[in-house]
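Please look at the sequence and the structure below before reading this note.

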Amino acid sequence: MNIKIWGCRGSLPAPGTDKDIYGGNTSCIEIIDGDTCIILDGGSGLQRLNNYLAPNITRIDILLTHLHLDHIMGLGFFWPLYNPNMTVNIWGPAASNESLAQRLRRYFSPPIFPVRLNELPCKGELFEIDSSEFQIGNFKITSEYVCHPGPTVAYRLQTGNTVIAYIPDHEPALGSSQFPTNAEWTSGFSIAEGADILFHDAQYSSEEYKTRIGWGHSSVEDALDFGTLAKVKKIVLFHHDPAHTDDNLKTMLAETLQEKKCDFEVEIATEGTLFEFES
Ligand SMILES: [Zn+2]
Ligand SMILES: [Zn+2]
């Protein structure tokens with residue numbers, strides 16, 4: 001099984017020579033296992049995937065964590081949606097007053113986008129999920145609401161003995177005086193528990209976070225505390241702030257690791273990185 005990062009920036013695409021190392025495209029991860037293709041979020045990174053889709057893939061499942069623009073802005077530029085021979089299923093949360101289809105139509109309609117959702121020629125279905133369990137190929141997938149503005153889920157994907165956890169937008173410290181000590185009361189804990197690899201929000205430095213409480217994101221410090229609590233094997237710090245340069249990201253992690261010991265692997269998400277696991 002291969003996992004590839006096509007976008008790991010948060011909030012807004014941020015290209016630039018000072019961001020060449022970690023990349024400027026927003027959230028998108030591809031998981032390939034045989035002829036199963038699962039895509040986590042449809043950020044601007046999804047557009048890069050067009051030229052690299054394996055020819056054996058005829059069905060694609062896109063799992064959206066939420067409908068913020070940085071997680072869906074690549075959908076309209078994803079060629080399989082315009083291919084009548086492809087099946088593209090989209091999974092994601094509804095809102096209390098709006099179906100997933102209605103929410104996606106806000107993006108797939110003028111003046112935001114020229115093509116309407118019902119004009120897309122591909123096959124496929126929309127699946128509304130909340131705290132759900134479902135199966136795609138060999139993957140047992142669990143979704144669960146997590147702390148972030150608007151209905152937002154995180155995903156846990158298990159195949160064989162490998163567990164992938166994906167929580168790109170998450171503020172577990174919000175409103176919880178017990179964070180990071182009480183697993184039972186921590187948003188996202190059961191999604192991440194014991195994961196082999198956890199992709200987790202780490203948008204801010206600790207100083208920045210103090211003025212951005214309630215914006216739905218984590219400091220690097222809180223992301224590492226969350227990883228420690230969940231006993232993950234590896235954390236990939238994800239959803240980089242659009243204002244942060246490569247140097248900023250390296251400094252934020254180095255300064256945090258001076259204060260904090262982690263007994264698991266830590267790395268900064270980098271566009272183009274491939275992770276390989278036994279299926
Ligand atoms: Zn986001
Ligand atoms: Zn968001």
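The points below cover the basis of the model, one sheet, its strands and a nonpolar core.

1. This is a predicted model, in which local features need pLDDT of at least 70, side-chain atom pairs count only at pLDDT 80 or more, and totals for chains, interfaces and linings use all residues. Residues are numbered from 1 along each chain as its sequence is written, while chains are lettered from A and ligands numbered from 1 in the order in which they are written.

2. Seven strands (DSSP runs of E, at least two residues, numbered from the N terminus) form an open sheet with mixed pairing and the order 6-5-4-3-2-1-14. Strand 6 (126-128) and strand 14 (274-276) are its edge strands, each pairing on one side only. Two strands pair if DSSP finds at least two bridges between them.

3. Strand 2 (residues 28-33) pairs in the antiparallel sense with strand 1 (residues 2-7) over five bridges, and Glu 30 is the bridge partner of Lys 4. Strand 2 also pairs in the antiparallel sense with strand 3 (residues 36-40), over five bridges; here Ile 31 has Ile 38 as its bridge partner.

4. Five of the six residues of strand 2 are buried, so this strand is largely enclosed by the rest of the structure. A residue is buried if 20 or more other C-beta atoms, placed from the backbone, lie within 10 Å of its own.

5. Strand 4 (residues 59-63) and strand 5 (residues 87-92) pair in the parallel sense over five bridges. Leu 63 stands opposite Trp 91 in strand 5.

Technical notes
Helices (H or I, at least four residues) and strands (E, at least two) are DSSP runs, numbered from the N terminus. A residue is buried if 20 or more other C-beta atoms lie within 10 Å of its own, exposed if 12 or fewer, and partly exposed in between; C-beta atoms are placed from the backbone.
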